[in-house]
Amino acid sequence: MNERDLMEEIARSVARIATGIEALSSAPKAAMISLTGADAYHWDAGTSALVPVEKVNRVPLALLQGVEDLAETLLQNTRQFAAGHGANNALLWGARGMGKSSLVKAVHAEVGQTLDPSNRLILVEINREDLPSLPQLMRGIAAIEARFIIFCDDLSFDRDEASYKSLKTILDGGIEGRPDNALFYATSNRRHLMPRDMIDNERSTAINPGEAVEEKISLSDRFGLWLGFHNCDQPTYLEMVRGYATHYGIDIDDAKLVARAIEWSAIRGSRSGRVAIQFIRHLAGEKGQAV
């Protein structure tokens, strides 16, 4: 082998080594995670750390009107998980503003209050765009003596996004799977987490439409618990308003409260828990009160 051939062979070898090192460095590793005294954290994928949330933005479970049956189901599932018993990943899907994310946070607080201090139930919020780092998070918490609810709010996937495939493997079906001390809760406006036109497009363009559609919607099947939230009627909306008004100590005649609440919802063009609390904030502000 002449000198030129030798140099080319060395260059190829160096390139192969560099490729191997790059692959190893990009492979998800277990994050070195530490906890403080907080019971809720935000996952920072950039630094591979859990950032404590000292004050969680949530309302008491009793204030969530019109979703009592759903609340009881999620509460029981969470209690089972906290006790080390069988429990399912949960997908809360449906109408906007009906308390999906509020229910997750309220249930976490409700169950956490009943636990022994040594038996910690930790809520960890992960952004949708950080889902590729979920395996790293899961490996990092696997050895910690606590139980974790990994929570992703407003989970959905747009056309041509492929990150849902990695989430499918993590939730169920992968060789590694999720650790025994972790559960995954997600909220979404979409039952199958995909846009309707994305699913319809697969039906119309795929060689085997049935298989293509099944592959797209099978992510939601990884959630053992489906909880559907629907738009509320006017009596339920008014009960929400009354409940918030009582909780925050807003002194107002009931007839006037009802009339103004109906007017507020008509202007907004919808009725929901979110609309109710927005009205209460407006009313409290008029009366010089904080909410």
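Reader: In what order do the seven strands of the open sheet stand?

Author: The model is a predicted one. Its seven strands form an open sheet with mixed pairing. Read across the sheet, the order is S2-S1-S4-S5-S6-S3-S7.

Reader: Which strands stand at the edges of the sheet?

Author: An edge strand here has a single partner strand, so one side of it is left without a neighbour in the sheet. Neighbouring strands are turned by 25° against each other on average, direction ignored. The strands at the edges are S2 (49-52) and S7 (225-229).

Reader: Which residue in S5 is the bridge partner of Ile122?

Author: Strand S4 covers residues 121-125 and strand S5 covers residues 147-152. The two pair in the parallel sense over five bridges. In S5, the partner of Ile122 is Phe148.

Reader: At about what angle does helix H4 run to S5?

Author: Helix H4 (residues 134-141) lies across S1 (40-44), S2, S4, S5 and S6. Its direction relative to S5 is given by an angle of about 165°.

Reader: Are helices H8 and H10 parallel, perpendicular or oblique to each other?

Author: Helix H8 (residues 234-247) and helix H10 (residues 273-286) pack with their axes 9 Å apart, at an angle of about 40°. Angles under 35 degrees count as roughly parallel, and 65 to 115 as roughly perpendicular. The two helices are therefore oblique.

Reader: How many nonpolar residues has the contact of H8 with H10?

Author: Residues of H8, including Tyr237 and Met240, meet residues of H10, among them Gly273 and Phe279. By class, the contact has one polar and no charged residues, and its nonpolar residues number 10.

Notes
Residues numbered from 1 in each chain as written. Predicted model: local features only at pLDDT ≥ 70, side-chain atom pairs only at ≥ 80, totals over all residues. Heavy atoms only, no water. Pairing = 2+ DSSP bridges. Helix = DSSP H or I, 4+ residues; strand = E, 2+ residues; numbered from the N terminus. Axes fitted to C-alpha atoms, helices over the stretch in contact; angles between N-to-C directions. Contact = heavy atoms within 4.5 Å. Parallel < 35°, antiparallel > 145°, perpendicular 65-115°, else oblique. Nonpolar A, V, L, I, M, F, W, Y, C, P; charged D, E, K, R; others polar.
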